[in-house]
Amino acid sequence: MLAWLRARPIDTLLRDAVDSAVKYVLDGARTWRFDLNDPSVDSDERSSVGTKLQYHVIEGLGLKKEPPLDTTIADRPVEIKGTVRKTWMIPREGQCEITLMIRIDTRRHEFEARLMRAHRAWLTGKKGNRDLKRSPRVDAVHRYSLVVAPPTPLPPEPLRMLDDEQVARVFGPGGLKGRLVELFASLPETVIPRGSIAVVGAGLHDPLRRAREAKVPLREKYGLVALVGTWPAERELARRMGFDISGEAWVAVYPETFHAHELDIPVPD
């Protein structure tokens, strides 16, 4: 089973599954939330990441949801458990079965994955909680589990880099154009993914199209030149300066950086 997993780009596949599950729960394009540690994210929502993760992992690995556990890998039934806590809760039907255990560290913005047969002798307690779920003992995890993915950074979320004052400006009442000007000014020469812009424009129709209105005031107020990954010419300019803005990402660049790479600054559209 471990060989089956490692025959694939498993770190990338699991990273994308974790990222998708987290973003599904945060629902940032509707709620303005971008961090699971945000006080507005309640404990039930945080816990639901593990449940959503199961389905994203199955889809990402090209598997099927099927009994007797969650799925089948290499002709063997497998339980998939995700957690944002320090340990996992193994349901009764998964005890003594093989479990793919994924832990999300919300502080470090990373995840890890292990494969382990969850023998009852290696689980805490005798009966477990009222749902008969039990957790693997820390020493058993270290001794008997196999590393599928070591601690691996999740895709960057630039909004997490903002300090409190910057968050207040970026999510202030100034309208989307003003918010995005403040966002790019707060994070110059930092690639801003499409999803982050959608969070800043939460609730608005087609925020990516409206975001282009921020290019001129950004240049006038802060002297920054915005490049948009939608346009091949701007995407190539960014690439030559070391920025990957594929996938409709943005980056705001100082004129000095263009000059250092002997590139012409594009005329505002």
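**Salt bridges in a predicted model**

Modeller: At 6% relative accessibility, Asp70 counts as buried, where buried means under 20% relative accessible area, exposed over 50% and partly exposed in between (1.4 Å probe, protein chains only). This is a predicted model, in which local features need pLDDT of at least 70 and side-chain atom pairs count only at pLDDT 80 or more, while totals for chains, interfaces and linings use all residues. Residues are numbered from 1 along each chain as its sequence is written, and side-chain values use heavy atoms, with hydrogens and water left out.

Colleague: Which side chain does Asp70 meet in a salt bridge?

Modeller: A salt bridge is a side-chain nitrogen of Lys or Arg within 4 Å of a carboxyl oxygen of Asp or Glu. For Asp70 the N to O distance is 3.0 Å, and the partner is Lys65.

Colleague: Is Lys23, which forms a salt bridge with Asp19, buried or partly exposed?

Modeller: Asp19 and Lys23 both lie in helix H2 (residues 10-26), four residues apart, a helix being a DSSP run of H or I with at least four residues, numbered from the N terminus. Asp19 is buried at 14% relative accessible area. Lys23, however, has a relative accessible area of 47%, so it counts as partly exposed.

Colleague: How many residues apart in sequence are the parts that Glu182 and Lys221 tie together?

Modeller: The side chains of Glu182 and Lys221 meet in a salt bridge of 3.2 Å, N to O. Because Glu182 lies in helix H7 (residues 175-186) and Lys221 in helix H10 (residues 215-222), the pair ties together parts whose separation in sequence is 39 residues.

Technical notes
Helix = DSSP H or I, 4+ residues; strand = E, 2+ residues; numbered from the N terminus.
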